[in-house]
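I opened this entry to record what I looked up, going from one helix outward to the chains and then to the contact between them.

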Amino acid sequence: MNLWLWLLVAVVLAYATKLLGYLVPAKVLANPRMSRVAGTLTIGLLASLTVVNAAASGTAVVLDARAGALVAAAVALWLKAPFLVVVIVGGLAAAGLRLLGWP
Amino acid sequence: MRLRDSPAAKIGASIAIATGLYGISFGALSVASGLDFWQTMALSLLLFSGGSQFAFIGVVAGGGTGLAAMSASALLGIRNGVYGMQLNALMRPTGWRRFAAAQVTIDESTATATGQSDPAEQRRGFWVAGLGIYLLWNVFTAAGAFLGDALGDPKQWGLDGAAVAAFLGLLWPRIRAFQPAAIAAVCAVVTLLAVPFVAPGVPILVAALVAGLIGWFRRGGTPGHAPGHVGDGMEPDIEPYRHAANRGGESDGLAAGKPAGGAGGAQ
């Protein structure tokens, strides 16, 4: 139930952020800092989420099959594979490495 | 002009199909992360912003709290506010349309609209992409959630590896230039350093703080504010007009398209 609560807060904030863009005066748009922070935040968060999902296990940093998935996904992206293919390649790599005995 | 003759509407429709399809990966990964079917659907129906949705389930999957998941999701959604300002300046929606436009203001609809120069075409592209993705994203989220439930043990199927790939896939198109790549590397290192010392989910927020500070204090080389300027991280994670060029034809009216940015987008 607690998760539902935070999920709904996230929903409200997401919509409020979008709507705010339509409601604030155009003058704010002239502020490059706003756009820059939004940009670096996006990059930083996605990089952090990638690493956490690849190498964190609770409060430990571990090297398991997910690291293999990360490498496989990077190769797929390098080869300009579409998003869905990249996701499937990551899944196959992790599942395959586990079959081979990697945790 | 009828909708079927509009180049922007055609682009919007092809983007909607490509993007909507990968809702299936969100649905499957969401239930694998521990959310139930309706929580998964609530994210797609109500929150409706791929990056923020993946961020929410990514934190939950790593054992983070609901608060941390909400925070990561909200911070990643800030760019939608910037898109909203840009789209408001382009389209000037009024009345109820403004509220509907806000809900479908995401990377893909913004990129489709801002790649056009004619205001009517901008509007057509925005609505076709936005509403089309909304519909398909939700249908495929539901399909993915059913699939994820049916698969059983997520680890055995490598779904945790698929989540890693999904995040890298969302990040990849934004790090074509040196600066964004450096920011990504710094935040990745900060995250790894923070993991042993704070509760799960919090390292992501530490990285967000660092990223925000970099953006705040970074000087010079500031690109314009329209999405599509390389190096800002504010390029929408897709490249609709390159997509169209690949399909051949449809060159008329697309000259206003952004310079093709390189690596395949997240679609």
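I began with α2(B) and listed its buried residues, which are B:Gly23, B:Ile24, B:Ser25, B:Phe26, B:Gly27, B:Ala28, B:Leu29, B:Ser30, B:Val31 and B:Ala32. The helix spans residues 23-32 of chain B, and I noted it as mostly covered, since the count of buried residues is 10 of 10. I keep in mind throughout that this is a predicted model.

Next I asked which elements the buried residues of α2(B) pack against. In chain B, I found α1 (7-21), α3 (37-47), α4 (50-61), α9 (119-151) and α10 (159-171), and from the other chain I found α4 of chain A. I also looked at what comes after the helix: α2(B) is followed by B:Gly34, and the phi of B:Gly34 is positive, near 115°.

I then turned to chain B as a whole, where I counted 13 helices and 0 strands. Of the 267 residues in chain B, 62% are buried. Taking the contacts in chain B with a separation of 6 or more, I found that 74% of them join residues 24 or more positions apart.

For the contact between the chains, I noted that 72 residues of chain A touch 92 residues of chain B, counting C-beta atoms within 7 Å. On the chain A side, the elements that give two or more residues are α1 (2-23), α2, β2 (60-61), α3 and α4 (83-99) of chain A. Which of them gives the most? It is α2(A), with 24 residues. I also sorted this side of chain A by class and obtained 52 nonpolar, 15 polar and 5 charged residues.

I went on to the largest nonpolar core, which holds 112 residues, and looked for the members that touch the most other members: these are A:Leu45, A:Ala73, B:Ala72, B:Ala165, B:Phe167, B:Ile204 and B:Ala211. The largest share of this core, 12 residues, comes from α2(A).

I followed one of these members, B:Ala211, in more detail, leaving aside its neighbours within four places in sequence. From chain A, B:Ala211 is in contact with A:Thr40, A:Leu41, A:Ile43, A:Gly44 and A:Leu45, and from chain B, with B:Ile183 and B:Cys187.

Last, I checked the confidence of chain A, for which the mean pLDDT is 93, with 95% of the residues reaching 70 or more. Within chain A, confidence is lowest in helix α2 (residues 32-55), at a mean of 92, and highest in helix α3 (residues 65-78), at 97.

Methods. Residues are numbered from 1 along each chain as its sequence is written. Chains are lettered from A and ligands numbered from 1 in the order in which they are written. This is a predicted model: local features need pLDDT of at least 70, side-chain atom pairs count only at pLDDT 80 or more; totals for chains, interfaces and linings use all residues. pLDDT is the predictor's confidence in each residue, from 0 to 100. Helices (H or I, at least four residues) and strands (E, at least two) are DSSP runs, numbered from the N terminus. Two residues are in contact if their C-beta atoms, placed from the backbone, lie within 7 Å. Ala, Val, Leu, Ile, Met, Phe, Trp, Tyr, Cys and Pro count as nonpolar, Asp, Glu, Lys and Arg as charged, and the others, Gly among them, as polar. A nonpolar core is a set of buried Ala, Val, Leu, Ile, Met, Phe, Trp, Tyr and Cys residues joined through C-beta atoms within 7 Å. A residue is buried if 20 or more other C-beta atoms lie within 10 Å of its own, exposed if 12 or fewer, and partly exposed in between; C-beta atoms are placed from the backbone.
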